[in-house]
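Reader: Before any modelling, I should like to go through the side-chain contacts and the pockets of this structure one by one. Could we take the pockets at the start and the contacts after them?

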Amino acid sequence: MEKWKEKSINKTASRRGLRLLISTILLGILATWFFFDQLPGITIPLFVTAFYSVFFWNVNGEVHVQRSFAWLLIIPIALLSLTYFVFSNRVFFALNLLAVPILIVLQTTLAAHKAKSSWESFKIIGDLFTGCLYRPFAFLFVPFRITIKLINAKFAAKESQTMVKVLLGMLIAVPLVVVIVSLLTSADERFRYLLGGIPNLFTAINLDECLPRLIFTLVIALPAFSYIWSLMTKAKPVVSFRVPEDVSNVTSSLDCVIAATLLTIINAIYALFTFVQFSYLFGSFSLALPHQFTYAEYARRGFFELVLVTLINFSILLVTVYCTKKGRKSMNRLLNGLHSLLISFTLVMLVSAFVRMYAYEQMYGFTYLRVLTHAFMIFLFVLFIVTLCRIWNERFKLFKYYLLIALSTFVLINYANVDVWIAKWNSERYEQTGKIDVDYLMTLSDDAVPQLTALLDTQDPQVAQQVKKGLADWKESLDAERSWQSFNLSSLHARQVLQSYDLGSGDTSAGSSQDHD
């Protein structure tokens with residue numbers, strides 16, 4: 001009875017393994033068709049959909065749809081993958097290429113109940129490491145074992161095993177013969193002549209194209225199999241990221257008196273610094289610079305130092321909040337007050353850094369780095385406010401809200417269409433100051449094209465000509481033939497906008513009445 005049960009289990013596992021192997025090979029072929037030698041576009045959300053189809057089909061019965069954070073993660077995954085279809089921002093294309101797989105690993109690990117920790121705990125980072133670095137490679141040899149078992153089962157069912165083995169040997173030899181003969185006929189003309197017309201068959205096979213595609217297919221299919229198999233099987237990972245057993249001792253290792261002394265000294269320094277900063281800040285808000293400072297000197301002076309100090313303060317807060325021993329009620333309140341004071345001083349520094357960067361942008365224009373730096377400072381500001389809530393409410397789960405805020409911020413900045421804002425703000429600055437960097441604006445993504453066409457009507461003929469030449473080159477690039485795999489709405493819209501302008505003859509009147517918003 002036990003043997004029968006074991007055989008039944010093995011049969012079921014083999015069938016499931018074979019089904020997964022076939023579906024991941026098809027997924028690999030689809031990935032090659034979508035991505036090999038192609039720019040990202042509509043194929044990203046299509047491939048994410050295909051991956052989830054394979055995942056749910058194979059883990060059917062083990063994963064149930066229910067209200068949980070795992071299923072809410074589908075929303076940012078869908079939104080981030082859709083950015084490849086809606087926008088054409090290369091910076092976020094690169095960032096999302098990391099973010100989407102990481103979120104998929106987190107979502108599928110939680111949905112399959114393979115996470116050792118709750119998503120609300122920082123320990124979930126260990127599960128993420130396991131999912132990203134271990135699961136895709138842990139079962140790479142399982143597909144070969146499944147194939148061998150399948151072949152052995154077929155042999156056992158045949159009367160003439162020798163003939164089957166010969167046919168199998170011939171089947172294995174075919175790809176090898178194709179490769180070897182193709183190489184030999186390319187290397188020697190006499191050998192090609194000797195084989196007569198047969199080499200024409202092999203020369204028609206382009207190994208330079210087929211071999212990389214085959215490798216690309218396997219690079220996608222095998223890790224995908226290993227990853228999904230690790231979520232299907234009950235086998236425990238050989239490698240696991242464990243939190244030390246004495247972590248509770250670490251989290252209460254700092255004496256409350258030492259922590260209070262440290263925070264008092266740091267706050268005293270920051271109090272003096274904040275007093276000095278207020279003269280800068282009030283002057284800056286009215287755009288009247290401190291005496292003897294130019295825009296560049298004021299903006300650059302200490303900006304990166306302020307951001308670095310802010311990050312140091314963030315680390316100090318986390319360490320002292322989580323690692324300080326509990327004392328008497330009065331001592332705990334004192335620590336809470338000192339923590340709150342540190343946050344207040346840090347927020348002043350963030351505002352100071354924000355204003356400095358704004359002053360610099362007013363003088364030298366807006367770029368990706370400067371705008372994203374602003375976004376990062378706002379993000380830090382929100383994190384400090386959340387940390388303040390944790391200081392006065394110990395039941396407040398800090399990591400949970402950090403994760404939710406980080407996810408929301410990242411999705412929001414993806415959909416903020418930064419290129420359009422950069423083009424708009426630089427155009428407004430040009431109207432006020434007469435200064436503009438057209439060469440930089442021409443490096444923005446297709447999203448900015450409708451906004452940039454407004455500069456064709458500028459009164460400065462030199463700027464108008466420079467913009468016209470840049471947009472003419474842009475139009476030529478967009479008119480070039482592209483595969484459907486790289487299609488996105490942003491490029492389509494930019495192409496339609498530019499087609500309404502005669503960028504060749506120098507007459508821009510055709511587009512002057514267009515709505516560029």
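Reader: How many residues in the lining of the second largest pocket are nonpolar?

Author: In this predicted model, the second largest pocket holds about 670 Å³ of space, and F379, A406, L407, T409 and F410 are the lining residues that lie nearest its centre. Helices α5, α6, α17 and α18 each supply at least two residues of that lining. Of the 22 residues that line the second largest pocket, one is polar and none is charged, and the number of nonpolar residues is 21.

Reader: Which element gives the largest share of the lining of the largest pocket?

Author: The largest pocket has a volume of about 820 Å³, and among its 27 lining residues those closest to the centre are F47, L97, P101, I104 and I220. Two or more lining residues come from each of α1, α2 (43-58), α5, α6 and α11 (207-232). By class, the lining divides into 25 nonpolar, two polar and no charged residues. The largest share, eight residues, comes from α5.

Reader: Why is the pair of F34 and W484 classed as it is?

Author: This is one of 24 aromatic pairs found in a search of the whole structure. The ring centres of F34 and W484 are 5.8 Å apart and their planes meet at 85°, and because an angle over 60 degrees is the cut-off for this class, the pair is edge-to-face.

Reader: How many residues apart in the chain are F34 and W484?

Author: F34, buried at 5% relative accessibility, belongs to helix α1 (residues 2-35), whereas W484 is in the loop between α22 (461-479) and α23 (489-499). W484 is partly exposed, its relative accessible area being 40%, and ring pairs link both residues with W33, F35 and F47 into a cluster. The pair of F34 and W484 thus links distant parts of the chain, and the separation is 450 residues.

Reader: Is the aromatic pair of Y84 and F93 stacked or edge-to-face?

Author: Y84 is buried with a relative accessible area of 2%, and F93 is buried with one of 13%. Their rings are 4.6 Å apart from centre to centre with 25° between the planes, and the pair is stacked.

Reader: Which residue lies over the face of W57?

Author: Two examples of an arginine over a ring can be given, and in one of them R390 lies over the face of Y322, at 5.1 Å from the ring centre. For W57 the distance to the ring centre is 5.0 Å, and the residue is R19.

Reader: Which residues are linked with E120 in a network of salt bridges?

Author: The closest N and O atoms of E120 and K397 are 2.6 Å apart; E120 lies in the loop between α5 (90-111) and α6 (124-138) and K397 in the loop between α17 (368-392) and α18 (398-415), so this salt bridge ties together parts that are 277 residues apart in sequence. K400 also forms a salt bridge with E120, with the closest N and O atoms at 3.8 Å, and since K400 lies in helix α18, that pair ties together parts 280 residues apart. The residues linked with E120 in the network are K397 and K400.

Reader: What separates D473 and K469 along helix α22?

Author: D473 and K469 form a salt bridge with 3.5 Å between the closest N and O atoms. D473 is partly exposed at 41% relative accessible area, while K469 is exposed at 54%. Because the two are four residues apart in helix α22, the separation is about one helical turn.

Definitions and conventions. Residues are numbered from 1 along each chain as its sequence is written. This is a predicted model: local features need pLDDT of at least 70, side-chain atom pairs count only at pLDDT 80 or more; totals for chains, interfaces and linings use all residues. Side-chain values use heavy atoms; hydrogens and water are left out. Rings of Phe, Tyr and Trp (its six-membered ring) pair if their centres lie within 6.5 Å; planes under 30 degrees apart count as stacked, over 60 as edge-to-face and the rest as tilted. Buried means under 20% relative accessible area, exposed over 50%, partly exposed in between (1.4 Å probe, protein chains only). A charge sits over a ring if NZ of Lys or CZ of Arg is within 6 Å of the ring centre and within 35 degrees of the ring normal. A salt bridge is a side-chain nitrogen of Lys or Arg within 4 Å of a carboxyl oxygen of Asp or Glu. On a 1 Å grid over the protein atoms alone, a cavity is a set of points where a 1.4 Å probe fits but cannot get out, and a pocket is an open set with protein on both sides within 12 Å along at least five of seven lines; lining residues have an atom within 4 Å of a point. Grid points are joined across faces, edges and corners, and a volume is the space filled by probe spheres set on the points. Ala, Val, Leu, Ile, Met, Phe, Trp, Tyr, Cys and Pro count as nonpolar, Asp, Glu, Lys and Arg as charged, and the others, Gly among them, as polar.
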